[in-house]
Amino acid sequence: MHNPGHRFQAQDRLADGAQYIGGRLVEGTSGRTHAVVDPATGEEVYTYELASTADVDAAVAAARAAFPGWAATTPGERSDALHRFAAVLAERAEEFAQAESLQCGKPLKLTREFDVPGTIDNTAFFAGAARHLQGQSAGEYSGDHTSYVRREPIGVVGSIAPWNYPLQMAAWKILPAIAAGNTIVLKPAELTPLTSLLFAEAATHAGIPDGVINIVTGLGKEAGEHLVGHPDVAMTSFTGSTAVGKRVAEIATSTVKRLHLELGGKAPFLVFDDADLEAAVQGAVAGSLINTGQDCTAATRAYVQRPLYDAFVERTAALMASVRVGDPFAPGTDLGPMVSHAQRDRVAGFVDRARGYARVVTGGEAPQGDLKSGAYYAPTLVADAAQDSEIVQAEIFGPVLVVLPFDTDDEGIALANDTPYGLAASAWSRDVYRANRATREIKAGCVWVNDHIPIISEMPHGGYKASGFGKDMSAYSFEEYTQVKHVMFDNTAVARKDWHRTVFGDRP
Ligand code: NAD
């Protein structure tokens, strides 16, 4: 079924190991190996030694040693390095696309047209943004002093990334951190380290100094917790589930670190009765199935106003059933497998439990035949579930859309807000007042109108509520990766200053 000759050969390409420390690939030293599995076939494609806590220490030491030199570069120098980095990524785009498809099961058209170009664009964006780091104020606010604000890097950043968009998540963490003059140690998910390693290697090739970007590939409980608690790490930036985020927050807080959390989502998709139904149906299928639904902003809960409800359910189910599930490397495939068999089984568990209280309109099963050995799951639409049921409330992270009816606009907006999450949402209407009201009242870090999913480097991405805090991408991310210092100069040049009388003596 596959043509291995056209695939990224991980074991050869990353033969030196899955740790990137001080500008080179090295083996882990934990004594325990881990395998990256092609989820389309279940075959092991890369075996590596996991990072030990000593490897994390070595990576942090490399980042710490690189920090003073990197922090002292000018914004123009960092910008030049990032422009060269973007050029190297563009030259290697096909290799990145193949490696990402191999380890995640993403169809090549998604990695070629979304993951990889998005990452190159992000790199180019931060090359420009590096020159626009600004303090907001400068002036004589007291009359007797000149004040200004310096915006400074924080130091060594420790980042932890999930498996759903390994390349983009590595880029979102690394780029703003280093553009602002920090150095970084990133721990990718142990399932999907390949493109983070290639990304760090490409940075070295582009001339970014050794130690500025380091990758440790280890287990969350071991390498992850050690990185978060490390005394020489000044900031933790975590993207992953809300449950693990809480644990990361405890450790980061107990070691008094700057913390940035990008957590789970359960995005509502709110269709008012004046919406363009065809646009909403197309948008619901694309928005819920992107990356096999393993997307923290994916449309997961469609609320459809009663007059459109039946037609929406019928047309969405028909369109979902027409999506071509198959080998990620085969031309014409729309939807690949999920990242792992374990994740597929977890998703199937949610749908199987929902059969007891809801209706599975289409999907709800693993394809058989040629696809039997892969981690595939059919596009699934579930209707008639109660708002407080598990399938409506919990993050499923698979190709599953739940659809519920609503009557009044007030009710629709209240239902959209009725989960602990607040990462993203969309509102579908031709009435600007209705749509605008939804954008104001939905509690989420991003609200699309008449679309769902597109992201751009210039705009911030981040959560409200249990979806976390802080922003990735855009100039807003510099708020996470810099600290501001107030500098105050006395302008009077007198020994006895007027304000001293409030402490001792009288007016001079
Ligand atoms: P996860 O929380 O299981 O793992 C994320 C990372 O944390 C991995 O690298 C893992 O090894 C590490 N980890 C696990 N336990 C740890 C611990 N005790 N200490 C430190 N690190 C630990 O998440 P996942 O299953 O890899 O990814 C899916 C989740 O990520 C979903 O909840 C999704 O919504 C979320 N996500 C959020 C965003 C966002 O921008 N908000 C983006 C992508 C994914």
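Mentor: Before we start, helices here are DSSP runs of H or I with at least four residues, strands are E runs of at least two, and both are numbered from the N terminus. Keep in mind that we're looking at a predicted model.

Trainee: Okay, where does Ala-206 sit?
Mentor: Look for the stretch that links helix H7 (194-205) to strand E9 (213-215). Ala-206 is in that loop, between helix H7 and strand E9.

Trainee: Is Ala-206 buried or exposed?
Mentor: Beyond its neighbours within four places in sequence, Ala-206 touches Ala-81, Arg-84, Phe-85 and Val-88. Its relative accessibility is 6%, and the cut-off for buried is under 20%. Therefore Ala-206 counts as buried.

Trainee: How many Å separate the C-alpha atoms of Ala-206 and Leu-82?
Mentor: Along the chain, these two are 124 residues apart. In space, their C-alpha atoms are separated by 8.0 Å.

Trainee: Phe-85 just came up as a contact of Ala-206. Which residues have the most contacts inside the largest nonpolar core?
Mentor: That core has 67 residues, and a second, separate core of 28 residues includes Phe-272, Tyr-303, Ala-348 and Ala-354. In the largest one, the residues with the most contacts are Phe-85, Ile-174, Ile-178, Phe-199 and Ile-213.

Trainee: Which helix gives the most to the largest core of 67 residues?
Mentor: Phe-199 offers a look at this neighbourhood: leaving aside residues within four places in sequence, its contacts include Leu-167, Ala-170, Ala-171, Ile-174 and Leu-175. The helix that spans residues 166-179 gives 10 residues to the core, the most of any, and that's helix H6.

Trainee: Moving on to Thr-333, which residue's backbone oxygen does its side chain reach?
Mentor: Thr-333 is in the loop between helix H11 (306-321) and helix H12 (341-354), and it is buried, at 8% relative accessible area. Among its contacts beyond four places in sequence are Pro-107, Lys-109 and Arg-324. At 2.8 Å, its side chain reaches the backbone oxygen of Asp-327.

Trainee: And which backbone oxygen does the Gln-343 side chain reach?
Mentor: Gln-343 is in helix H12, and at 9% relative accessibility it counts as buried. Its contacts further off in sequence include Trp-163, Gln-294 and Ile-396. The side chain reaches a backbone oxygen at 3.1 Å, and that oxygen belongs to Phe-397.

Trainee: Is Cys-296 buried or exposed?
Mentor: Cys-296 is in the loop between helix H10 (277-289) and strand E13 (299-305). Its contacts beyond four places in sequence include Asn-164, Leu-263, Phe-397 and His-461. Its relative accessible area is 17%, below the 20% limit, so Cys-296 is buried.

Trainee: What's the phi of Asn-450 near?
Mentor: Most residues other than glycine have a negative phi. Asn-450, in the loop between strand E19 (446-449) and strand E20 (464-465), is not glycine and has a positive value. Lys-465, in strand E20, also has a positive phi, near 50 degrees. For Asn-450, phi is near 60 degrees.

Trainee: Now the charges: how many salt bridges does a search of the whole structure find?
Mentor: One network of them links Arg-13, Arg-92, Glu-95 and Glu-201. Searching the whole structure, the count is 34.

Trainee: Which residue forms a salt bridge with Glu-479?
Mentor: The closest N and O atoms of the pair are 3.4 Å apart. Glu-479 lies in helix H16 and its partner in strand E6, so the bridge ties together parts that are 328 residues apart in sequence. Glu-479 is partly exposed at 45%, and so is its partner at 22%. That partner is Arg-151.

Trainee: Which residue meets Glu-390 in a salt bridge?
Mentor: The N to O distance is 2.9 Å. Glu-390 is in helix H13 (residues 390-393) and its partner in helix H12, 37 residues apart. Glu-390 is partly exposed, at 31%. The residue it meets is Arg-353.

Trainee: Last one: what is the accessible area of the nonpolar patch formed by Trp-499, Val-503 and Phe-504?
Mentor: Phe-504 lies in the segment after strand E22 (482-490). The patch is on the surface, and the three residues together have about 370 Å².

Key:
Residues are numbered from 1 along each chain as its sequence is written. This is a predicted model: local features need pLDDT of at least 70, side-chain atom pairs count only at pLDDT 80 or more; totals for chains, interfaces and linings use all residues. Side-chain values use heavy atoms; hydrogens and water are left out. A nonpolar core is a set of buried Ala, Val, Leu, Ile, Met, Phe, Trp, Tyr and Cys residues joined through side-chain atoms within 4.5 Å. Buried means under 20% relative accessible area, exposed over 50%, partly exposed in between (1.4 Å probe, protein chains only). Contact means heavy atoms within 4.5 Å. Patches are made of residues with over 30% relative accessible area and no salt bridge: like charges are joined within 9 Å, nonpolar side chains (Val, Leu, Ile, Met, Phe, Trp, Tyr) within 5 Å. Accessible areas come from the Shrake-Rupley method with a 1.4 Å probe; for residues, only the protein chains shown count as cover. A salt bridge is a side-chain nitrogen of Lys or Arg within 4 Å of a carboxyl oxygen of Asp or Glu. A polar contact is a pair of N or O atoms within 3.5 Å; within protein, one must be able to donate a hydrogen and the other to accept it, and residues adjacent in sequence count only if both atoms are side-chain atoms.
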